[in-house]
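Trainee: I would like a close look at one part of this model. Please take me through the helix contact and the side-chain pairs around it.

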Amino acid sequence: MKRSFLPLLATGLLALASCGDANKSTSAAGGNASDNSMTDSATGGDTASATMPAGSEDPDNQAQNAGSAKGASGNGAMGGSEAPMGDPNGPTAPHKDDNEFLKTAAHSDQNEIQQSKMALARGVTGMAKEMADKMIADHTKSTADLKVIAGKKGVTLPTDMDAEHKAMVPAMEKLSGKDFEAKYITQMEVDHQKTANTMRAHEKMTQDADVKAFIGKTVPVVEQHLSMARMDGNMKL
């Protein structure tokens with residue numbers, strides 16, 4: 001009798017343990033359900049919003065949401081969604097009047113175009129090459145826009161770098177490889193911060209509609225370049 005009773009006792013104990021585990025699982029499930037209910041309440045009790053992507057009920061809205069998310073977390077200035085990076089109270093190039101501003105802007109274009117051509121001639125690669133190509137393309141467009149405005153106002157624009165950047169050439173020509181790339185990217189950041197500052201400052205000062213329109217079109221591109229230079233510089237650290 002004792003031998004036959006022991007297996008039965010063991011079986012009973014195992015059954016009780018199983019019941020206990022089942023009760024714990026049920027309690028845990030109930031707790032999670034409660035947590036989910038609190039989340040739904042916090043979002044207005046909309047169960048669909050907790051289980052479906054935002055805007056999924058409307059394909060048009062979904063596309064807009066996706067675009068907004070990309071703009072907020074993606075390239076920033078590349079998409080024009082960042083706050084202005086130019087500081088009208090920061091260091092600027094001279095811009096005492098509209099004519100002087102146009103000349104300064106033309107010098108700025110040539111600074112970036114010619115430095116970037118030097119970079120390509122020295123065989124920069126990767127991000128530095130991408131930036132050099134973009135600088136040449138964008139600042140060439142800017143120069144074309146400037147020529148139209150300058151023609152209206154009888155202003156003769158400079159076609160070369162300013163004296164400060166001409167003086168940098170010998171030192172840059174002594175550099176090669178990664179040393180040159182690092183110097184080039186750093187100079188792009190310095191130049192574009194100064195140019196962005198100049199444009200933001202003159203935008204507040206000028207009363208000329210053509211100049212205002214030029215700045216409104218160009219300064220976001222300059223700030224985009226500044227963002228690129230900072231990104232490239234940080235990745236090289």
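Mentor: What follows starts with the overall fold, turns to one helix pair, and then visits the side-chain links.

The model is predicted. The protein has eight helices and zero strands. Read from the N terminus, the elements run α-α-α-α-α-α-α-α. Of the 237 residues, 32% are buried. Take the contacts between residues at least 6 apart in sequence: 77% of them join residues at least 24 apart.

Now the part you asked for. Helix H6 spans residues 163-173, and helix H7 spans residues 177-205. Their axes lie 12 Å apart, at an angle of about 170 degrees. An angle over 145 degrees counts as roughly antiparallel. H6 and H7 are therefore roughly antiparallel to each other.

Which residues make the contact between H6 and H7? On the H6 side they are Glu164, His165, Met168 and Met172. On the H7 side they are Phe180, Lys183, Tyr184, Gln187, Asp191 and Lys194. By class, the contact has four nonpolar, two polar and four charged residues.

Two of these residues also form a salt bridge. Lys194 pairs with Glu164, and the closest N and O atoms are 3.8 Å apart. The cut-off for a salt bridge is 4 Å. This pair links distant parts of the chain, with Lys194 in H7 and Glu164 in H6, 30 residues apart. Is Lys194 buried or exposed? Neither label fits: Lys194 is partly exposed, because its relative accessible area is 32%. Glu164 is partly exposed too, at 43%.

That bridge belongs to a longer list. The count for the model comes to 12 salt bridges. Two others are worth a look here.

Start within one helix. Lys129 and Asp133 meet through their side chains in a salt bridge, 3.0 Å from N to O. Both lie in helix H5, which covers residues 126-153. They sit four residues apart, about one turn of the helix. Lys129 has a relative accessible area of 38%, so it is partly exposed. Asp133 is at 34% and therefore also counts as partly exposed.

Next comes a bridge between helices. The side chains of Asp210 and Lys152 meet at 3.6 Å, N to O. Asp210 lies in helix H8 and Lys152 in helix H5, so this pair links distant parts of the chain, 58 residues apart. Asp210 is partly exposed at 27% relative accessibility. Lys152 is exposed, with a relative accessible area of 59%. The two residues also belong to a wider group: Lys152, Lys153, Asp208 and Asp210 are linked in a network of salt bridges.

Helix H8 takes part in an aromatic contact as well. How many aromatic pairs does a search of the whole structure find? The search finds one. Phe101 and Phe214 form this pair, and it is edge-to-face. The ring centres are 6.5 Å apart, with 70 degrees between the planes. Planes over 60 degrees apart count as edge-to-face. Phe101 lies in helix H4, residues 98-121, and Phe214 in helix H8, residues 209-236. The pair therefore ties together parts that are 113 residues apart in sequence.

Are these two rings' residues, Phe101 and Phe214, buried or exposed? Phe101 has 1% relative accessibility, so it counts as buried. Phe214 is buried as well, with a relative accessible area of 4%. The cut-off for buried is under 20%.

Key. Residues are numbered from 1 along each chain as its sequence is written. This is a predicted model: local features need pLDDT of at least 70, side-chain atom pairs count only at pLDDT 80 or more; totals for chains, interfaces and linings use all residues. Side-chain values use heavy atoms; hydrogens and water are left out. Axes are lines fitted to C-alpha atoms, for helices over the stretch in contact, and angles run from 0 to 180 degrees between N-to-C directions. Helices (H or I, at least four residues) and strands (E, at least two) are DSSP runs, numbered from the N terminus. Angles under 35 degrees count as roughly parallel, over 145 as roughly antiparallel, 65 to 115 as roughly perpendicular and the rest as oblique. Contact means heavy atoms within 4.5 Å. Ala, Val, Leu, Ile, Met, Phe, Trp, Tyr, Cys and Pro count as nonpolar, Asp, Glu, Lys and Arg as charged, and the others, Gly among them, as polar. Rings of Phe, Tyr and Trp (its six-membered ring) pair if their centres lie within 6.5 Å; planes under 30 degrees apart count as stacked, over 60 as edge-to-face and the rest as tilted. Buried means under 20% relative accessible area, exposed over 50%, partly exposed in between (1.4 Å probe, protein chains only).
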